[in-house]
Amino acid sequence: MSTSPRFAHASEAELARILDYYKVEWLYEPHVFPIRWNSEGVVVESFAPDFYLPELELYVELTTLKQSLVRKKNRKLRHLRELYPMVRIKLFYARDFRALLLKYGRLEAAASLIGIDGQPPPRRDPGERERAGSGAVSGSVGPAGP
């Protein structure tokens, strides 16, 4: 496994820890799916699911932020399913993630992992690649279990 990716949100790191604990192989943002093009055929919108679980052939997307972003993500997911019907994807809402944390005794962490509090500070190096274009990263995020 390679080094830990820079997750866009603490909830992603927590899900990676749970997956590691149960020895579920995962890749972080391995694919970007174009979902909208302009009249010249240039991609103007894409969707990069947070995780891919190769053994299950399943993508996982976490949505733990504010409601307006959930609507946007639902729209993108609808387009992805229309354009790529063979792609299996599961969307976890904040309530789903909270239930997962409760199941694994991590409820005290829920407040800091759901919403904007879980986002890392902005990157300082403007030369770093954007999140959706960073490519696939697989790995382990540390020894902590669920």
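**A tour from the β2–β3 hairpin to the cores**

Select F33 to begin: this residue stands opposite F47 in β3. The model is a predicted one. Now extend the selection to strand β2 (residues 33–37) and strand β3 (residues 43–47); the two run antiparallel and are joined by 4 bridges. Move next to the turn of this hairpin, where 5 residues lie between the strands. Among the hairpin's residues, G41 adopts a positive phi near 85°.

Next, display the surface and select W37, V43 and L83. Together they form a nonpolar patch there, with about 260 Å² of accessible area. L83 belongs to helix α2 (residues 67–83). Is L83 buried or exposed? It counts as partly exposed because its relative accessibility is 39%, a value that falls between the limits of under 20% for buried and over 50% for exposed.

Turn then to the interior and select F7, L15, W26 and F51. These residues have the most contacts inside the largest nonpolar core, which has 16 residues. At least two residues of this core come from each of α1 (10–21), β4 (51–53), β5 (58–63) and α3 (94–103). The greatest contribution is that of α1, with 5 residues.

Centre the view on F51 and show its surroundings. Leaving aside residues up to four places away in sequence, F51 touches F7, E12, L15, A16, L19, W26, L27, Y28, E29, L58, Y59 and V60.

Finally, select Y52, L80, Y84 and L91. They are among the 11 residues of another core, which lies apart from the largest one.

Note on methods. Residues are numbered from 1 along each chain as its sequence is written. This is a predicted model: local features need pLDDT of at least 70, side-chain atom pairs count only at pLDDT 80 or more; totals for chains, interfaces and linings use all residues. Side-chain values use heavy atoms; hydrogens and water are left out. A nonpolar core is a set of buried Ala, Val, Leu, Ile, Met, Phe, Trp, Tyr and Cys residues joined through side-chain atoms within 4.5 Å. Buried means under 20% relative accessible area, exposed over 50%, partly exposed in between (1.4 Å probe, protein chains only). Contact means heavy atoms within 4.5 Å. Two strands pair if DSSP finds at least two bridges between them. Patches are made of residues with over 30% relative accessible area and no salt bridge: like charges are joined within 9 Å, nonpolar side chains (Val, Leu, Ile, Met, Phe, Trp, Tyr) within 5 Å. Accessible areas come from the Shrake-Rupley method with a 1.4 Å probe; for residues, only the protein chains shown count as cover. A salt bridge is a side-chain nitrogen of Lys or Arg within 4 Å of a carboxyl oxygen of Asp or Glu.
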